[in-house]
Amino acid sequence: MRKVQCLDIGNTTTKIGFFEDDKICKLKQIETKSLISDSEKFIDLISGENGDLCYCSVVPNAEKNILEALNKFEGSIHVVSPSFCAGIPISYQNKKEIGSDRIANAIATYFTLSLPAVVIDLGTATTFDIVTKKGGYEGGIILPGPQGFLDFLNENTALLPKVELSNERSVDIPY
């Protein structure tokens, strides 16, 4: 049985999925700001017994804290990037501009869905990315996330009220 841990360090939320073979068996998440202030709380979840670690990050401070806390990790650690992208083609011209989170989404899409596909990721930012069989990751756009749009509308319209999306997040998602 092959085990792997996949860590996604996002602007608002950090998630870790534990996979056995090709199936996710557990998913945990915390707010990224708590990861920056106290990574030890989260680091206890990551263990060599759970397999190698593969991660993507759009928050350099959180990534730095996690990597420092993992100094005794016995497994391999891989960062998703244009040079470590599971062999999918990347036809986007400037590969260094692509966030590792977007490459991770493209990898999952490339290997699990019918192509071509448009990947939509709603978070602090909303991204739309195009993935094809021949070109792999082809590019996309970044827009403000749902809360950003709501804040903009409130600040720039006369009658729309301030709306706050709930920050309640499930800590443990059973599978």
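Author: Two strands pair if DSSP finds at least two bridges between them. The model discussed here is a predicted one.

Reader: What makes β6 and β7 a pair of strands?

Author: Six bridges join β6 to β7. The requirement is at least two bridges, so β6 and β7 count as paired. The two strands run antiparallel, and a hairpin joins them through two residues. Within this pairing, Leu122 stands opposite Thr126 in β7.

Reader: How do you know that β7 and β8 pair, and which residues stand opposite each other?

Author: Strand β7, residues 125-132, is joined to β8 by eight bridges. Since pairing requires at least two, β7 and β8 are therefore paired. Their directions are antiparallel, and they form a hairpin with three residues between them. Thr132 has Gly136 of β8 opposite it, while the bridge partner of Asp129 is Gly140 in β8.

Reader: Why are β6 and β8 described as standing at the edges?

Author: The open sheet has three strands in the order β6-β7-β8, with antiparallel pairing. Strands β6 and β8 (136-144) each have a single partner strand, so one side of each is left without a neighbour in the sheet. From one strand to the next, the twist averages 15°.

Reader: Which helices lie across this sheet, and at what angles do they run?

Author: Helix α4, residues 100-112, lies across β6, β7 and β8 and runs at about 45° to β7. Helix α5, residues 146-156, also lies across β6, β7 and β8; its angle to β8 is about 35°.

Reader: Why is Ile120 called exposed?

Author: Ile120 has a relative accessible area of 52%. The term exposed applies over 50%, so Ile120 is classed as exposed. This residue lies in strand β6.

Reader: What makes Ile120 eligible for a surface patch, and which residues form the patch with Ile120?

Author: Patch residues need over 30% relative accessible area, and the 52% of Ile120 therefore satisfies that cut-off. A nonpolar surface patch of about 390 Å² is made by Val118, Ile120, Leu122 and Ile130.

Reader: Which strand gives the most to the nonpolar patch?

Author: Strand β6, residues 117-122, gives the most, with three residues. Leu122, one of the residues that make the patch, is also the residue opposite Thr126 in β7.

Reader: How are side chains arranged along a regular strand?

Author: In a regular strand, side chains alternate between the two faces of the sheet.

Key: Residues are numbered from 1 along each chain as its sequence is written. This is a predicted model: local features need pLDDT of at least 70, side-chain atom pairs count only at pLDDT 80 or more; totals for chains, interfaces and linings use all residues. Side-chain values use heavy atoms; hydrogens and water are left out. Patches are made of residues with over 30% relative accessible area and no salt bridge: like charges are joined within 9 Å, nonpolar side chains (Val, Leu, Ile, Met, Phe, Trp, Tyr) within 5 Å. Accessible areas come from the Shrake-Rupley method with a 1.4 Å probe; for residues, only the protein chains shown count as cover. A salt bridge is a side-chain nitrogen of Lys or Arg within 4 Å of a carboxyl oxygen of Asp or Glu. Helices (H or I, at least four residues) and strands (E, at least two) are DSSP runs, numbered from the N terminus. Buried means under 20% relative accessible area, exposed over 50%, partly exposed in between (1.4 Å probe, protein chains only). Axes are lines fitted to C-alpha atoms, for helices over the stretch in contact, and angles run from 0 to 180 degrees between N-to-C directions. Contact means heavy atoms within 4.5 Å.
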